[in-house]
Amino acid sequence: MGTDSLCALHVGINVSGDVLDVCTSSGEFWRGENDAMGIASLVQRLRPYSVDCIVLAVSDGDAAPLEVALNAAHLPVTTATPRQLRDFANPKGYSRGGAPFDSVTLMRIARAISPPHRGPLIHVY
């Protein structure tokens with residue numbers, strides 16, 4: 001990513017064990033470590049941008065340190081359970097059946113729910 005701070009981003013992050021899979025609406029994908037250094041690197045990478053919404057999903061692992069770091073950096077993040085994601089994504093055609101949500105799908109959900117809100121995802125009929 002460049003350093004254009006006017007570029008508004010939507011971000012999807014899937015936490016799977018020790019790995020963070022990230023996708024941004026600017027078309028970037030990357031994988032980082034779910035540890036202190038990996039989280040600091042992710043925050044540093046997102047900080048220059050006007051991030052509209054980050055959707056965080058946990059397939060397996062601990063997302064609490066990541067969520068704390070994103071909130072501390074004043075980045076708009078919402079954490080969702082797999083059920084909340086399925087309930088939101090299925091009617092919009094974002095779901096792949098029972099497969100885990102990947103970072104691309106999470107980014108699409110972030111774009112759909114922008115402007116961001118904190119707390120659980122809600123299904124809008």
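Which residues touch the most other members of the largest nonpolar core? The legends below work through this predicted model, and the core gets its turn in the second view.

**View 1. Five strands make an open sheet.** Let's start with the sheet. Its strand order is 3-2-1-4-5, and the pairing is mixed. At the edges sit strand 3 (29-33) and strand 5 (77-80), each of which pairs on one side only. On average, neighbouring strands of this sheet are turned by 20 degrees against each other, direction ignored. Look at strand 4 (residues 50-60) next to strand 5: these two pair in the parallel sense over four bridges. Here I54 stands opposite V77 in strand 5. Helix 3 (residues 82-89) packs on the sheet too, touching strand 4 and strand 5, and its direction makes about 100 degrees with that of strand 5.

**View 2. The largest nonpolar core has 21 residues.** Back to the opening question: I13, L46, I54, L66 and L70 touch the most other members. Several elements chip in, with at least two core residues each from strand 1, strand 2, helix 1, strand 4 and helix 2 (64-72). There is also a second, separate core of 11 residues, and C53, A80, L85 and F88 are among them. As a general rule, nonpolar side chains in soluble globular proteins tend to be buried together.

**View 3. A closer look at I54 and its contacts.** Which residues does I54 contact, leaving aside its neighbours within four places in sequence? They are V11, I13, L46, L70, L75, P76, V77 and T78. V77 is also the residue that I54 stands opposite in strand 5.

**View 4. Helix 1 lies across four strands.** Helix 1 (residues 36-46) lies across strand 1 (8-16), strand 2 (19-24), strand 3 and strand 4, and it runs at about 145 degrees to strand 3. Pick out L42 in this helix. Is L42 buried or exposed? L42 counts as buried, because its relative accessibility is 3%, and the cut-off for buried is under 20%. Not counting residues up to four places away in sequence, L42 touches I13, L20, V22, W30 and L66. Take L20 as one of these: 22 residues separate it from L42 along the chain, and the two C-alpha atoms are separated by 9.1 Å.

**View 5. Helix 1 packs against helix 2.** The angle between the two helices is about 30 degrees, and their axes are 10 Å apart. Helix 1 passes helix 2 in a right-handed crossing. Where they meet, helix 1 brings I39, L42, V43 and L46, while helix 2 brings P65, L66, A69 and L70.

**View 6. Two salt bridges turn up in a search of the whole structure.** One joins R31 and D21, with the closest N and O atoms 2.6 Å apart. R31 lies in strand 3 and D21 in strand 2, so this pair ties together parts that are 10 residues apart in sequence. R31 counts as exposed at 61% relative accessibility, whereas D21, at 18%, counts as buried. In another salt bridge, the side chains of R45 and E28 meet at 3.3 Å, N to O. This pair links distant parts of the chain, with R45 in helix 1 and E28 in the loop between strand 2 and strand 3, 17 residues apart. R45 counts as partly exposed, at 30% relative accessibility.

Conventions. Residues numbered from 1 in each chain as written. Predicted model: local features only at pLDDT ≥ 70, side-chain atom pairs only at ≥ 80, totals over all residues. Heavy atoms only, no water. Pairing = 2+ DSSP bridges. Axes fitted to C-alpha atoms, helices over the stretch in contact; angles between N-to-C directions. Contact = heavy atoms within 4.5 Å. Core = buried A, V, L, I, M, F, W, Y, C linked by side-chain atoms within 4.5 Å. Buried < 20%, exposed > 50% of the residue type's maximum accessible area, 1.4 Å probe, protein only. Salt bridge = Lys/Arg side-chain N within 4 Å of Asp/Glu carboxyl O. Left-handed = near helix turned anticlockwise from the far one by under 90°.
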